[in-house]
2 protein chains.
Amino acid sequence: MARVRLQDVAEHAGVSMKTVSNVVHSHPNVSESMRERVQRAIDELGYRPNAIGRRLATGRTGLLALAFADVRLPYFSELANEVSKAAAATGSGYRLLLEETEGTIEGERAVLSASEAGLVDGMLLQPSQMSSREIAERHGDLPMVLLGEGPAPLTVDRVMIDNVAAATVATEHLANLGRTRIAFVGHEKSAMSSTSRQRIMGYQEGLERRGLPVEHDLLIDTNAITSHDAALAVGAALDRGVRFDGLVCRDDLAAIGALRALHERNISIPDDVAVIGWDNIAFASTTFPSLSSVAPNTQALARVALDMLAERIEGFDGIGRHRIVDFELVLRESAPAAFPTEEPDLAAATVSA
Amino acid sequence: MARVRLQDVAEHAGVSMKTVSNVVHSHPNVSESMRERVQRAIDELGYRPNAIGRRLATGRTGLLALAFADVRLPYFSELANEVSKAAAATGSGYRLLLEETEGTIEGERAVLSASEAGLVDGMLLQPSQMSSREIAERHGDLPMVLLGEGPAPLTVDRVMIDNVAAATVATEHLANLGRTRIAFVGHEKSAMSSTSRQRIMGYQEGLERRGLPVEHDLLIDTNAITSHDAALAVGAALDRGVRFDGLVCRDDLAAIGALRALHERNISIPDDVAVIGWDNIAFASTTFPSLSSVAPNTQALARVALDMLAERIEGFDGIGRHRIVDFELVLRESAPAAFPTEEPDLAAATVSA
DNA sequence: CTGAAAGCGCTAACAT
DNA sequence: ATGTTAGCGCTTTCAG
């Protein structure tokens, strides 16, 4: 059975294509009898509008690209889910095309040029390697919003949380717990991302505010953003005699790796070492001990990003808007509340931005 | 700057659209001088072919839908990554549209009807709720391959691992470790999926082969497929006096929850209770203790599925082919090798299907 | 080897 | 309120 087209329905019902189109779109100006007649033809023929034809005519595909390093990173898969929910909630009917850049500059370039092909109406991109300048040059006239604290040209919209502030809050929380030797774990050994850079800046700020030691030894880098590499790196640091009683982790992956390295060496968490992760991924609540973590408000992030992107798609052409969304420090067992008064209920304890 | 079209290039180069098209497609029958001239025009104008126009003309979008319950489940995000790599590797140039069904029948229906609209060339679907019959009826003429052990009509292609056999292997491995009271954890309390059903069948088979007790008490169900719910369920079972020394988990999420429940009660793993998960997600190697797990060969699964889908898209119209791909039992600390001879190197230890 | 023209299925002016 | 018609950007016979 060949596909049935708008035209076929029109003939079958003995009306023009325009009328069928009106019925399909529930256009107001259609008489009831007409609507019925056409609807019958549609049902009889089993007509389904063809998205491609429509899109060629309207210039809209109803597709948005969401591009980031790797879906396997829990932060990104949770973000994808959030964006897709937010898109559904707006009723705009947008669907998501997921693109992975592998965190490489080639990957980021590929994603930008591929999306120019008119397949998508706009793009949400979390860059990490490309320079601001290249992003600005390459995206051409594709409506785009940048996600995260990576490079961002002033001409392009961007939404992120205040990473420096959040890292400071996390570090100071450890200080509140009486920790004096606080290490940072999980930044890239080479080619440090702006994400890591900002979190380290905030970490240092926290230490300085509390008059705690800032030492290079307390910066534990990893080969890759995986819990496995973090476990190795933290283990190696411990084994070569680096001592710390608090750990601010670049992300929950690093934190989970750190937990393992500490467990292996019978170091008690949080008694000997308190640990704070970042991203508040789903697993954070079921590690042992459960993980305190910086929780970006990804729901707000998704909503704000989609709103801005929608405006760009509608034709808004102003200068780039840079938006900040809030975060919380979710306190769990690995770095609990400092004072009973700080938070009565650990499971829900938060310090807002 | 407005988009530059094939037409513009043709005019700029002073040739016909057909010639430009030939150059774009590296058609053999084009003189070298012509090719150069056109290529220059393409470069000067910065022409990028429009995917939608092409699709309308060819009937192909180069888009494949990958639909499953929820990207946040690590098995699925890892699968998505694998499929997208496999698609890239074939050079077919397919890109992936991710669709989430939320594991509900409405979600599955929505995904099937949305894809009918001609936006995608084919679909990879991991169903869980829909009946075989409904799948067969609804997918219409959309090329489709089913993933996993869910419902699958005989008329549709499907690829999966042998869940019953894998569960038996896992259960027998625990028996090899001398475990005699082996429980199963993580199936849905209500509306049990075929996935859970098959794994439980294999588990029972394993127990029976070894003459071990098969008791309803040893079936620990959960409210949802999350590590959090699994931790609660296992904790509750322990607290009401259920005793076991081995745990076959429906998936790694359940296993991670189980680890937490056991830790909380100071039960030693694997000494008191050995644990085997399922899916071999990335975290399995950095939990504490690290997790033994059934590892489906997702790479093969992705490849086989894409191959079959490609054939369907090419027009193959035979009866549904049901393919089985292999799996391994990856042995780590939570349920190590039974005998020194079984596997010298724990980290890489496997028992193949 | 290259050009002209007819669609692919739908939308949206513009008419009536 | 309904019909006509000209595209949207590309591919693809069919001629030349």
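**Figure 1. Backbone and side-chain contacts to the phosphates of DNA strand C.** In this predicted model, a backbone N or O atom of Leu6(A) lies 2.5 Å from a phosphate oxygen of DNA strand C. Tyr47(A) places a polar side-chain atom 2.6 Å from a phosphate oxygen of this strand, and a polar backbone atom of Asn50(A) is 2.7 Å from a phosphate oxygen of DNA strand C. Each is a polar contact, defined as a pair of N or O atoms within 3.5 Å; within protein, one atom must be able to donate a hydrogen and the other to accept it, and residues adjacent in sequence count only if both atoms are side-chain atoms. Two or more residues of the surface near DNA strand C come from each of H2 and H4 of chain A and H2 and H4 of chain B. Helices (H or I, at least four residues) and strands (E, at least two) are DSSP runs numbered from the N terminus.

**Figure 2. The protein surface around DNA strand C.** DNA strand C is surrounded by 24 residues, the closest being Leu6(A), Tyr47(A), Asn50(A), Arg54(A) and Thr19(B). A residue is counted as near a strand if one of its heavy atoms lies within 4 Å of it. Of the atoms of DNA strand C that come within 4 Å of the protein, 70% belong to sugar and phosphate. H4(A) supplies the largest share of this surface, 5 residues. By class, the surface near DNA strand C comprises 11 nonpolar, 9 polar and 4 charged residues. Here Ala, Val, Leu, Ile, Met, Phe, Trp, Tyr, Cys and Pro count as nonpolar, Asp, Glu, Lys and Arg as charged, and the others, Gly among them, as polar.

**Figure 3. The protein surface around DNA strand D.** For DNA strand D, 24 residues form the surroundings, and the closest are Thr19(A), Asn29(A), Leu6(B), Tyr47(B) and Arg54(B). Sugar and phosphate make up 63% of the atoms of DNA strand D that come within 4 Å of the protein. Helices H2 (17-24) and H4 (51-58) of chain A and helices H2 (17-24) and H4 (51-58) of chain B each give at least two residues to the surface near this strand. H4(B) gives the most, with 5 residues. The surface near DNA strand D divides into 11 nonpolar, 9 polar and 4 charged residues.

**Figure 4. Phosphate contacts of DNA strand D.** A backbone N or O atom of Ser31(A) is found 2.9 Å from a phosphate oxygen of DNA strand D. From chain B, an N or O atom in the side chain of His25(B) lies 2.9 Å from a phosphate oxygen of the strand. The side chain of Arg54(B) has an N or O atom 2.8 Å from a phosphate oxygen of DNA strand D.

**Figure 5. The interface of chain B and chain A.** The contact (heavy atoms within 4.5 Å) takes 53 residues from chain B and 53 residues from chain A. About 4400 Å² is buried between the two chains, with carbon and sulfur atoms giving 59% of this area. Buried area is the accessible area (1.4 Å probe) that two parts lose on being put together, summed over both. There are 4 salt bridges between chain B and chain A, a salt bridge being a side-chain nitrogen of Lys or Arg within 4 Å of a carboxyl oxygen of Asp or Glu. In one such salt bridge, the side chains of Arg95(B) and Glu99(A) meet at 2.3 Å, N to O. Across this interface, 14 residue pairs are in polar contact, both residues at pLDDT 80 or more. Elements of chain B that each supply at least two residues to the side touching chain A include strand E2 (95-100), helix H6 (105-116), helix H10 (227-239) and helix H11 (252-264). The largest share of that side, 7 residues, is provided by H5(B). The side of chain B that touches chain A contains 22 nonpolar, 16 polar and 15 charged residues.

**Figure 6. Domain 2 and domain 3 of chain A.** The assignment, which is automatic or taken from a database, divides chain A into domain 1 (6-48), domain 2 (63-160 + 298-325) and domain 3 (163-296 + 329-352). The C-alpha centres of domain 2 and domain 3 of chain A are 29 Å apart. In chain A, 9 residues of domain 2 are in contact with 12 residues of domain 3. These two domains bury about 910 Å² between them, 53% of it on carbon and sulfur atoms. Tyr75(A), Glu78(A) and Glu149(A) supply 50% of the area that domain 2 of chain A buries against domain 3 of chain A, more than any other three residues. The interface has 1 salt bridge; Glu149(A) forms a salt bridge with Arg199(A), with the closest N and O atoms 3.6 Å apart.

**Notes to all figures.** Residues are numbered from 1 along each chain as its sequence is written, while chains are lettered from A and ligands numbered from 1 in the order in which they are written. Local features need pLDDT of at least 70, side-chain atom pairs count only at pLDDT 80 or more, and totals for chains, interfaces and linings use all residues, with side-chain values based on heavy atoms, hydrogens and water being left out.
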